[in-house]
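Please look through the structure shown here, and then work through the questions below one at a time. Each answer takes a few steps before it arrives at the name or value asked for.

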Amino acid sequence: MTAYLLKRLAIAIATLILASMVVFAVLEILPGDPARLMLGLNASAEQVELLRNQMGLNAPLALRYLHWVGGLLSLDFGRSYTYSVPVIDLVRERMAVSLPLALIALVLSTVIAIPVGLYSASRRGRAGDTIAMGAAQLGVAVPNFWFALMLIYLFAVWLRLVPAGGFPGWGAGVWPALKSLLLPAVALALPQAAILARVARSALIEVLNEDYIRTARAKGLPYRAVLWRHALRNAMIPVLTILGLQFAFLLAGTIIIENVFYLPGLGRLVFQAITQRDLIVVESIVMLLVVAVIVVNLVVDVSYAIVDPRLRGRQ
């Protein structure tokens with residue numbers, strides 16, 4: 001197990017280093033001068049050059065990369081060009097919205113998808129299976145922003161049960177804050193639940209055809225116990241893979257939903273920073289999201305070995 005963990009950790013570190021180079025290089029070659037954008041079109045060339053020197057934009061590319069990586073390692077993400085505050089403060093403030101939103105959406109998608117996958121697999125080819133997978137197919141096909149607009153119309157405009165948008169902050173109380181995140185979380189969770197339900201169904205159908213499932217049934221175990229105790233655990237590897245990818249997507253891919261619901265989260269901050277050419281903010285947040293993806297994948301790899309110890313020997 002130790003060798004397996006060390007190998008996975010080495011792969012994660014190598015991936016992180018390569019990703020940092022790619023992120024830095026791609027953002028540096030984007031058109032537009034941050035200094036010129038900040039000062040406006042009427043600024044003189046001398047003013048722009050002075051600001052570029054102050055921002056460190058005239059330093060050699062390799063030196064700027066090393067300085068940026070060193071700051072990331074020491075949790076010094078630099079200072080935002082646009083907001084004139086440390087980037088870490090912006091990230092901390094926006095993460096208080098995006099992280100709970102992603103976690104709530106992940107829990108909702110899992111709570112919806114696993115029972116649906118079990119139900120559909122246990123009734124393969126019947127009417128219940130057809131209806132459940134038809135709904136899942138619809139959930140995959142329809143974009144989450146459409147779900148968001150329909151949820152706003154139904155629960156905020158028509159029934160007036162929840163606010164249509166905005167975030168009051170955690171200082172206003174836990175329930176008001178959670179209430180404002182409920183509709184965005186549902187809009188994010190429904191398409192992900194549809195994907196996860198289809199994956200769970202396929203994995204369960206494959207497992208239900210194994211010999212040990214028939215043996216368990218021959219011993220007199222109830223079908224429900226066979227599904228939950230034997231089939232589900234052995235079908236968890238593809239489900240864990242999708243869960244890991246979904247969490248990374250939910251954390252990084254909330255730009256549209258956060259703009260629909262006017263939430264001050266990481267996705268909205270990245271969108272604003274891109275339009276304003278605030279490179280230090282974009283680079284830092286993208287790298288944080290890359291770290292989140294790599295860490296989640298590492299946890300999923302470790303979960304594989306826990307769920308199926310045979311994988312340790314293969315690695």
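Q: How many salt bridges does a search of the whole structure find?
A: The model is a predicted one, and side-chain atom pairs count in it only at pLDDT 80 or more. In general, side chains of opposite charge can pair when their charged atoms come close. A salt bridge here needs a side-chain nitrogen of Lys or Arg within 4 Å of a carboxyl oxygen of Asp or Glu. With that rule, a search of the whole structure gives a total of two.

Q: Which residue forms a salt bridge with Asp 129?
A: The partner of Asp 129 is buried, as is Asp 129. In this salt bridge, the closest N and O atoms are 2.8 Å apart, and the residue paired with Asp 129 is Arg 201.

Q: How many residues apart in sequence are the parts that the pair Asp 129 and Arg 201 ties together?
A: The salt bridge joins Asp 129 to Arg 201. Asp 129 belongs to helix H6 (residues 127-141), whereas Arg 201 belongs to helix H8 (residues 174-208), so the pair links parts whose separation in sequence, in residues, is 72.

Q: What is the distance between the closest N and O atoms of Asp 89 and Arg 92?
A: Asp 89 and Arg 92 both lie in helix H5, and because they are three residues apart there, about one helical turn separates them. Asp 89 is partly exposed at 35% relative accessible area, while Arg 92 counts as exposed at 53%. The two residues form a salt bridge in which the closest N and O atoms are separated by 3.0 Å.

Q: Are H5 and H10 parallel or oblique to each other?
A: Helix H5 (residues 87-122) packs with helix H10 (residues 223-234), their axes being 12 Å apart and the angle about 120 degrees. Angles of 65 to 115 degrees count as roughly perpendicular, and those over 145 as roughly antiparallel. The angle between H5 and H10 falls in neither range, and the two helices are therefore oblique.

Q: Is the crossing in which H5 passes H10 left-handed or right-handed?
A: The crossing concerns two helices that pack with their axes 12 Å apart. As H5 passes H10, the sense of the crossing is right-handed.

Q: What separation do the C-alpha atoms of Trp 228 and Leu 118 have?
A: Trp 228 is a residue of helix H10, and it is partly exposed, with 46% relative accessible area. Along the chain, Trp 228 and Leu 118 are 110 residues apart, yet the separation of their C-alpha atoms is 8.4 Å.

Q: What separation do the C-alpha atoms of Pro 222 and Ala 235 have?
A: Pro 222 sits in the loop between helix H9 (211-218) and H10, where it is partly exposed with a relative accessible area of 49%. Pro 222 and Ala 235 are 13 residues apart along the chain, and their C-alpha atoms are separated by 19 Å.

Q: How many of the 10 residues of helix H13 are buried?
A: A residue counts as buried when its relative accessible area is under 20%. In H13, the residues that meet this include Leu 266, Arg 268 and Gln 272. Helix H13 (residues 266-275) is mostly covered, and the number of its residues that are buried is seven.

Q: Where is Tyr 262, a residue with positive phi?
A: The phi of Tyr 262 is near 55 degrees, which is positive although the residue is not glycine. Tyr 262 counts as exposed, with a relative accessibility of 54%. Its place is the loop between helix H12 (255-260) and H13.

Q: What is the relative accessible area of Arg 160?
A: Arg 160, too, has a positive phi, near 55 degrees. Arg 160 lies in the loop between helix H7 (144-158) and H8. This residue counts as exposed, because its relative accessible area is 68%.

Q: What accessible area do the residues of the nonpolar surface patch have together?
A: The patch includes Leu 6, Ile 13, Met 21 and Val 26. Leu 6 lies in helix H1 (residues 2-28), and it counts as exposed at 55% relative accessibility. Taken together, the residues of the patch have an accessible area of about 730 Å².

Conventions. Residues numbered from 1 in each chain as written. Predicted model: local features only at pLDDT ≥ 70, side-chain atom pairs only at ≥ 80, totals over all residues. Heavy atoms only, no water. Patch = residues over 30% accessible without salt bridge, like charges linked within 9 Å, V, L, I, M, F, W, Y side chains within 5 Å. Areas by Shrake-Rupley, 256 points an atom, 1.4 Å probe, with all protein chains shown as cover. Helix = DSSP H or I, 4+ residues; strand = E, 2+ residues; numbered from the N terminus. Buried < 20%, exposed > 50% of the residue type's maximum accessible area, 1.4 Å probe, protein only. Axes fitted to C-alpha atoms, helices over the stretch in contact; angles between N-to-C directions. Parallel < 35°, antiparallel > 145°, perpendicular 65-115°, else oblique. Left-handed = near helix turned anticlockwise from the far one by under 90°.
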